[in-house]
Amino acid sequence: ILVAIIPPLTLGQAWNPWIYRALVLLVIACPCALVIATPVSIVSGLTALARRGVLVKGGIYLEAVGKLRALAVDKTGTITEGKPRVVGIDNLSDLSEENILARAAAINCHSEHPLAVAIVEAARLRGIVFEPATEYVSVTGQGARATLNGHPHFIGNHRMAHETGVCNSEVEAMLAKIEANGQSLAVLGHAPHGDCKGEILAIIAVADTLRPEVGAALKAIHAAGVRKVVMLSGDNQRTATAIASRAGIDEAIGDLMPEQKVEYIRKLVSEYTHVGMIGDGVNDAPALAIANVGFAMGAIGSDTAIETADIALMKDDLTKVAETVILGRRTLRIIRFNVTFALAIKAVFLILAFLGIAGLWLAILADTGATLLVILNSLRLLSSPAQK
């Protein structure tokens, strides 16, 4: 700029025109617009999402979300509200319903799983008093075992009942009916030990409500360019299929352990390259880490899930996923345009400089003007309209 305010004749176009042209080339070659093209776009995109209650942990994840082609979602707390409640108890013993709930709550009071919390809450709402079970052991992806009054008990899902060896045709029919209704279940039983063969005491049906925005959110996600949405669940396949059908999800995979969710995410990555995962629980953390972009439900989600994920939805609103994808794609388009525009301007004025047409003032205007235009174009992201 100091050189530019010196009259050209002082430098001596007549004295040495090659020095003057060299200064013109030096100004034109300044990469201001090119260097600032990406960071301003990224910051604008991150700010726009933060205003919508979506916290992205870095620009690399904003760029990654703009490339998503497939999305995996957890069920409880993600597709559903994560507030299940006990809706029925099939008593298969001579115990009272209150006794059944007391035993189930005594085991589940050690757990923070949504189904366990629902059972404990149901017992407390009925005023049932219980003592916590002893020797509690959590069985990942199945349920829990504990000792009550000196006898081993278990409470868990369909798989746990099978592996404990206490299922029969009558119980299978009851479990199938509950699962076909899209309800989760907790099988309470007396575990085999010594000469005791064990038995199922009751089947507790637990229902969760679909999030009201799920249908609209999934349509918006597909419209944003995500080709496939898959629900991954630890629930029985029948339950997962029923829930997915109601929600409008492309595919449901049930009976998954946490490590199996990871393997399925890897399979999706190999097929679609750019894959996202939405989850809220501790069990979802490994899958969130493997996905290209992990979304955590910020309000209901566990600390582990939020820490592992790349993006947090602070209002637990699934419609924000589509907004994030759309804004990520728009950010990528603006970055590409900015880079192309900056390079094109430089190329044009370099040619003009070599031809002796572009002077120093024009070179400065081109460099500064291109930088300002790139910044203004990037700031358009701040005014991106929210999805309706």
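# Briefing on a predicted protein model

Leaving aside neighbours within four places in sequence, Lys75 is in contact (heavy atoms within 4.5 Å) with Thr80, Ser184, Met231, Leu232, Ser233, Asp235 and Ile243. The structure is a predicted model, in which local features need pLDDT of at least 70 and side-chain atom pairs count only at pLDDT 80 or more, while totals for chains, interfaces and linings use all residues. Residues are numbered from 1 along each chain as its sequence is written, and side-chain values use heavy atoms, with hydrogens and water left out.

**Overall form**

- The protein contains 17 helices and 13 strands, where helices (H or I, at least four residues) and strands (E, at least two) are DSSP runs numbered from the N terminus.
- The radius of gyration, taken over C-alpha atoms, is 30 Å, whereas a compact globule of 388 residues would have a value near 21 Å; the globule rule is 2.2 Å times the number of residues to the power 0.38.
- Taken along the principal axes, the box filled by the C-alpha atoms is roughly 110 × 35 × 35 Å.
- Of the contacts with a separation of 6 or more, 65% are accounted for by residues 24 or more positions apart.

**Surface and charge**

- Buried residues make up 50% of the 388 residues, with buried meaning under 20% relative accessible area, exposed over 50%, and partly exposed in between (1.4 Å probe, protein chains only).
- The protein exposes about 18000 Å², of which carbon and sulfur atoms supply 59%; accessible areas come from the Shrake-Rupley method with a 1.4 Å probe, and for residues only the protein chains shown count as cover.
- There are 34 positive and 35 negative side chains, and the centres of the two sets lie 14 Å apart; Lys and Arg count as positive and Asp and Glu as negative, while His and the chain ends are not counted.
- The place of each charge is taken as NZ of Lys, CZ of Arg, CG of Asp or CD of Glu.

**Strands β7 and β8 and their partners**

- Strand β7 (residues 184-190) pairs with β8 in the antiparallel sense over 7 bridges, and two strands are said to pair if DSSP finds at least two bridges between them.
- In this pairing Ser184 stands opposite Val206 in β8, and His190 has Glu199 of β8 as its bridge partner.
- Strand β6 (residues 151-156) also pairs with β7 in the antiparallel sense, over 4 bridges, and here the bridge partner of His153 is His190 in β7.
- On the side of β3 (residues 85-91), 6 bridges join that strand to β8 in an antiparallel arrangement, with Ile89 and Ile204 of β8 as bridge partners.
- Because 7 of the 7 residues of β7 are buried, this strand is largely enclosed by the rest of the structure.
- In a regular strand the side chains alternate between the two faces of the sheet.
- Both faces of β7 are covered, since Ser184, Ala186, Leu188 and His190 on one side and Leu185, Val187 and Gly189 on the other are all buried.
- Strand β8 (residues 199-207) has 8 of its 9 residues buried, so it too is largely enclosed by the rest of the structure.

**Residues with little exposure**

- Lys75, whose contacts open this briefing, lies in helix α6 (residues 75-79) and is buried, with a relative accessible area of 2%.
- Ala191 is placed in the loop between β7 and β8 and counts as buried because its relative accessibility is 7%.
- Not counting residues up to four places away in sequence, Ala191 touches Pro152, His153, Phe154 and Gly198.
- Ala191 and Ala146 are 45 residues apart in sequence, and their C-alpha atoms are 9.4 Å apart in space.

**Residues with positive phi**

- Glu135, which is not a glycine, has a positive phi of about 55°; this residue lies in strand β4 (residues 134-139) and is exposed, with a relative accessible area of 62%.
- Thr273, also a residue other than glycine, has a positive phi near 70°; Thr273 lies in the loop between α13 (258-272) and β11 (275-279) and is partly exposed at a relative accessible area of 45%.

**The segment after α17**

- Leu382 lies in the segment after α17 (360-379) and counts as partly exposed, at 28% relative accessibility.
- Apart from neighbours within four places in sequence, Leu382 is in contact with Ser44, Thr47, Ala48 and Arg51.
- Leu382 and Arg238 are 144 residues apart in sequence and 44 Å apart in space, C-alpha to C-alpha.
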